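Student: Could you take me through one part of this protein in close detail, and then set that part in the frame of the whole chain?

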Amino acid sequence: MRIVLLTRAGCSACAAARSDLERICGELGHGFDEVDVDERAGAGDRELRAEYGDRLPVILLDGAEHSYWTVDEPRLRADLLK
């Protein structure tokens with residue numbers, strides 16, 4: 001399973017989600033990627049920011065939105081253990 005954390009610089013909720021994912025993924029042996037939607041938009045890919053920019057942080061699991069604003073830890077753990 002691929003986990004992607006969508007963030008933006010200076011977002012305190014994004015920092016909290018990163019910390020949660022580091023802990024959860026570390027415990028379960030999963031990695032995750034982090035994408036700054038503003039940086040991506042500046043490079044010409046505006047799709048992520050247009051879709052998710054108003055509810056960051058967003059956690060994508062295999063490309064589908066899993067949770068936003070906070071990490072839904074029980075659900076994420078259950079999905080990663082499937």
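Tutor: What follows begins with one buried histidine, His66, and then moves outward to the whole protein.

This is a predicted model, in which local features need pLDDT of at least 70 and side-chain atom pairs count only at pLDDT 80 or more, while totals for chains, interfaces and linings use all residues. Residues are numbered from 1 along each chain as its sequence is written, and side-chain values use heavy atoms, with hydrogens and water left out.

His66 sits in strand S4, which spans residues 64-68; helices (H or I, at least four residues) and strands (E, at least two) are DSSP runs numbered from the N terminus. The relative accessible area of His66 is 7%, so this residue counts as buried, where buried means under 20%, exposed over 50% and partly exposed in between, for a 1.4 Å probe and protein chains only. Setting aside residues up to four places away in sequence, His66 touches Ile59, Leu60 and Leu61, and also Asp72, Arg75, Leu76 and Asp79, a contact being heavy atoms within 4.5 Å.

Tyr68 also belongs to the residue range of strand S4 (64-68), but with a relative accessible area of 37% Tyr68 is partly exposed. The count of aromatic pairs comes to one: Tyr68 and Trp69 meet edge-to-face, with 4.8 Å centre to centre and 70° between the planes. Rings of Phe, Tyr and Trp (its six-membered ring) pair if their centres lie within 6.5 Å, and planes under 30 degrees apart count as stacked, over 60 as edge-to-face and the rest as tilted.

Elsewhere, Gly53 lies in the loop between helix H3 (47-52) and strand S3 (58-61), and at a relative accessible area of 15% Gly53 is buried. Leaving aside neighbours within four places in sequence, Gly53 contacts Arg8 and Leu48, and the C-alpha atoms of Gly53 and Thr7, 46 residues apart along the chain, are separated by 8.4 Å.

As for the frame, the protein has four helices and four strands, which follow the pattern β-α-β-α-α-β-β-α along the sequence. Of the 82 residues, 38% count as buried, and among contacts between residues at least 6 apart in sequence, 60% join residues at least 24 apart. The C-alpha atoms fill a box of roughly 35 × 25 × 20 Å, taken along the principal axes.
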